[in-house]
Amino acid sequence: MKTNTLHILTALLLVSACSVKWDIDTRFVPRIAVEGWIDNGRPAKVIISQMLPYGSGTESGALDMKDIPIRWATVSLSDGDNEEMLVGQIDTNYIPPYVYSGSSIIGQPGKTYTLTISYSGRTIVSSTVVPDNVPVRSVEVEKSPAGDTLYTIRIYFKDNPDEKNWYKVFTKVKNTDKRYFAAFMGDISDEVLTEDAFITVNRAFRHTRYSQYTPYFTANDTVFVKFTQVPSAGFEFWSSYENEVTNGANILFPNTENLKSNIDGGRGIWCGYGTDIVEVRIKDYIR
C-alpha cells in the first residue's frame, strides 16, 4: 500500500481557494510534486509543490494553499544547445499561485527538453520531447441530447497511420476560465482512431464546481480548444488522472496508486505538447 499523501499537482488538482486546516506530521520530509509543460512556439512553465501527509494526528495549526508551493527552488531548462534559468513569480491563475516561467527557450517539435530542479539539497530531473502539432481540420457543434440549450463540440484531424500517437485536449471558456484546463475524457491513443479521426470536446471538469458540472457548452460560450499531441509519458499521466476522475475517486487521495510520473526524484509530469488552438464561438455554428 502506498503512503496516503496529498498530491498537489497544481494545474490538475483544483481545490477550494478558502483556507484549509491540515494536520501535518513535522517529522515527515515532503516529497516534491512537479507539473511542467512546454508547448511548441511557447516557453516553459513549471509549478513545484510539496506532497504532505494528511491526518497524522498532530496539532500543528493551519496550512493555507499559499503555503504549499515551493518558492525558492533553482529551476533550469536545457534544449541540448542552450540553457536558461526559469524565474518564479506569483500567478493567481493557478493553485497554488506560484509559477516558474521561461523566456528564451521556445518549444520546437522534435527537440528534447531537460528540466532540472534543485531544492533543499535535492535534485530532480526529467526530460520530454515536443511532438509535432497536428492541425484541427474542422469543427462541428451539435445540440446535446441532454437539453435544447446545451451543445457538444467535435474536432476533426488527420492521424498519421505510420506512427504511434497520443493526444490530449484542453479547453478555456472565455470570461469563465483564466487558463486552460484538461478537458474531461480528453485523452486518446490512436490505436482506437482511423486516419480521418475526431474527438468530442467536453468541458473541463473543475473540482471546485463539482455539483454544477456538465460536459456540455451553452450557446453563449466561446471555447478555446487546445488540441495537443503528447509523448507516451504525458498520455500515461493524463490517463491515470482520467481514471481517477471517471471512477469517482477523490483525486487528492487516489485509492490504489499515485498518478503516473516521469519525474526522477519526485512525482508529477514534465510534458511537451505539440499544440494547435482553435476558437469556437458556439453561436456561429447554431442553425
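This briefing walks through the strands, the cores and the surface of the protein chain. The model is a predicted one, and its secondary structure comes to two helices and 17 strands. Of the 287 residues in the protein chain, 51% are buried. Let's take the topics one by one.

**The chain as a whole**

- Take the contacts between residues at least 6 apart in sequence: 67% of them join residues at least 24 apart.
- The protein chain exposes about 13900 Å², and carbon and sulfur atoms supply 47% of that area.

**A four-stranded sheet**

- Look for four strands that form an open sheet, in the order β5-β4-β8-β9, with antiparallel pairing.
- At the edges stand β5 (83–85) and β9 (122–129); each has a single partner strand, so one side of each is left without a neighbour in the sheet.
- On average, neighbouring strands of this sheet are turned by 20 degrees against each other, direction ignored.
- Inside the sheet, β4 (residues 74–78) and β8 (residues 112–119) run antiparallel and are joined by five bridges.
- To find one of these places yourself, start at S76, whose bridge partner in β8 is T116.

**The largest nonpolar core**

- How many residues does the largest nonpolar core have? It has 24 residues, and I153, I155 and F227 are those with the most contacts inside it.
- Several strands each supply at least two residues of this core: β10 (138–143), β11 (150–158), β12 (166–173), β13 (181–189), β14 (196–201), β16 (222–230) and β17 (267–281).
- Which strand gives the most to this core? That is β11, with four residues.
- I153 is a good residue to click on: leaving aside its neighbours within four places in sequence, I153 is in contact with V139, E140, V141, I199, T200, V201, F217, V223, V280 and I282.

**Another core**

- Apart from the largest core lies another one, of 21 residues.
- Among the residues of this other core are I32, A44, Y100 and I105.

**Strands β12 and β13**

- Why is β13 described as largely enclosed by the rest of the structure? Eight of its nine residues are buried, so β13 is largely enclosed. Here, buried means under 20% relative accessible area.
- β13 is joined to β12 by five bridges, and the two strands run antiparallel.
- One pair to look up is W166 and S189: the bridge partner of W166 in β13 is S189.

Terms used: Residues are numbered from 1 along each chain as its sequence is written. This is a predicted model: local features need pLDDT of at least 70, side-chain atom pairs count only at pLDDT 80 or more; totals for chains, interfaces and linings use all residues. Side-chain values use heavy atoms; hydrogens and water are left out. Two strands pair if DSSP finds at least two bridges between them. Axes are lines fitted to C-alpha atoms, for helices over the stretch in contact, and angles run from 0 to 180 degrees between N-to-C directions. Buried means under 20% relative accessible area, exposed over 50%, partly exposed in between (1.4 Å probe, protein chains only). Contact means heavy atoms within 4.5 Å. Accessible areas come from the Shrake-Rupley method with a 1.4 Å probe; for residues, only the protein chains shown count as cover. A nonpolar core is a set of buried Ala, Val, Leu, Ile, Met, Phe, Trp, Tyr and Cys residues joined through side-chain atoms within 4.5 Å.
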